[in-house]
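Q: Please explain how ring interactions are to be read in a protein model.

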Amino acid sequence: MVDIKYQHKTISDIIFQFRKEKNLTYTEFEELTGVSRSVLHRIERGETKRLELKNLKAIAAALPGHYTEIMECYLQEEYRTENLFEILNEILMCEVSHSLAPKIALKILQSPNKDTEDALQRLYEFTEKLSDPSLRVALYKIIVKYSREHGVMKYIAKGLLQKHLIERLDLKRLEKSFHDGQEVLHYLNFLSLEEQITLYLRMTLLAFATKKYDECIQLCKTGVLLEQNDTELKARAYLAMINSYLLSGNYDEAEKALEIFELFTYDFVEEAVKITRAVLKARRKEYDKAVPMLQNYIEEIGKENKVHLVIELLDIYLQTENMEAIAEILDKEEELLPDCPQTPQKHFDIGMYYRLKSVYSFKVGLFEEGIEGIVHSLNHFGVINDLKEREECIRILLYYSAKYSKPIQPYHANLLKKVYN
C-alpha cells in the first residue's frame, strides 16, 4: 500500500489517518462527529462519490486541526454554485481557513452552470456584505482578475473601485492608493453615476493628503459638477480644494471658494471656515490681523482642530523671533494636540508641530528637547509615510547640530535610527 503522504490526499485518507492516530472505533467516531457509522464507513472506503454538505461540515468541525485540509479536498470535486457559496459562508466563520476564500470564489466563477456576468454579479454582491476588509480585498482581487481574463469591463471597474475604497484607508500607502485610484478613472464609463461621484470626491481627499494640489483642484471640480446634492463628502472635498488653493499660493481663489463652502450646513464647516480665514491672513503675511485671529480661534474651536492654528502661530513667532510667545504655547501642549489623530492631515499637522517645537528648542539651546521633538515629528510623518518631511526633519537636526557644535551622540543616533525605521 502506497503511503498517504506520497499520493493525492482525499477526505477518506484524512478520516482513516485520524482514526488510526487516535485509535477510534467507528462508534467513537460517530459520537465525535454526529455522522452515522455506516456513512463514515462508506466515506472512508471511498464509496461515497459526493459527500453531503451537512456531513462534510460535521466532520470538518470535529477535526479542527484538519479543517482547512478537509475543505480543500471537498473543493476539488465540488462545482455546484449553491454548495460553494455555503462553504464560503462556512469558512468565513473559521479564521484559520480564510485563505480558502479566494479559491472558493474562483471556483464559483468557474462554475459551468452559471453565466460569467451572473456569477460575477452574485460574488460581487456577496463580497459587499462582508465586514472583514482584508477578506473583501482578497475577493475583489479575484473578481478583477477573472473579469480581465474574460473581458467583463463592468466588474473590472466595480472591483477596482471597491478595493481602492478599502485600501485608501491605510495611511502607509497613500501614494499607492492615489495611483490605484487613477487606474479606476480609466474605467469610469463602466461605473454608475453614484460610483463616479464617490471616486472623484474620495480621490480629491487623497490628492490633498499626498500634496497633489493641482490634481486635487481638478478632481474636486469634476466631482462637484457631477454631484447635484449637498453631501458631507462633497463639503469635505470642497474644503480640500480650498486648502489646495491656499497651499499653492492662490489665495484669491481660496477666498472665492470659501464663500461657497460657508453655505454648507455640516457641523465641521463653521470651525473649518474660521481656521481657513485665519490661515489665509497668516499666509498673506498680514500678521497684525492673523495673530489675534489665530489666538482667538484657538480658544474657540474644539481640541481636535486646534493644532491647525497652533502651527501657523508657531511659524509666525519663529519668523518674528517671539520666543516668549512660543514658550507660552508649548506650556499648553496637552490642551492643544488631538488625543487620537486618525486622518493624514492630523498626523501631518502634529508632525509639523513637533518639528517647529524642535526648531525653537534648538534656537534656545535645549538640544535634548530639540532631538525629542524631531523624534516625535518623525513618528507622525512616518505614520503617513511622508518621506520628504522625514528627510527635512533630519536636515534640520544636522543643521542645528553643526551650527551650535552639538554632536549627535550614539544614543541619539540609535534612537533616530529606531524611529526612522
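Q: Where does the charged end of Arg 19 sit?
A: A charge sits over a ring if NZ of Lys or CZ of Arg is within 6 Å of the ring centre and within 35 degrees of the ring normal. In this predicted model, the charged end of Arg 19 lies over the ring of Tyr 26, at 4.0 Å from its centre. Residues are numbered from 1 along each chain as its sequence is written, and side-chain values use heavy atoms, leaving out hydrogens and water. Local features need pLDDT of at least 70, side-chain atom pairs count only at pLDDT 80 or more, and totals for chains, interfaces and linings use all residues.

Q: Which ring does Lys 107 lie over?
A: Lys 107 is placed over the face of Tyr 79, 4.2 Å from the ring centre.

Q: Is Lys 107 buried or exposed?
A: Buried means under 20% relative accessible area, exposed over 50%, and partly exposed in between (1.4 Å probe, protein chains only). Lys 107 has 12% relative accessibility and therefore counts as buried.

Q: How many aromatic pairs are found in the whole structure?
A: Rings of Phe, Tyr and Trp (its six-membered ring) pair if their centres lie within 6.5 Å; planes under 30 degrees apart count as stacked, over 60 as edge-to-face and the rest as tilted. A search of the whole structure yields 15 aromatic pairs. Among them, Tyr 399 and Tyr 400 are edge-to-face, with 4.8 Å centre to centre and 85 degrees between the planes. Tyr 399 is partly exposed at 42% relative accessibility, whereas Tyr 400 is buried at 8%.

Q: Which residues form one aromatic cluster?
A: One aromatic cluster is formed by Tyr 238, Phe 261, Phe 264, Tyr 266 and Phe 268.
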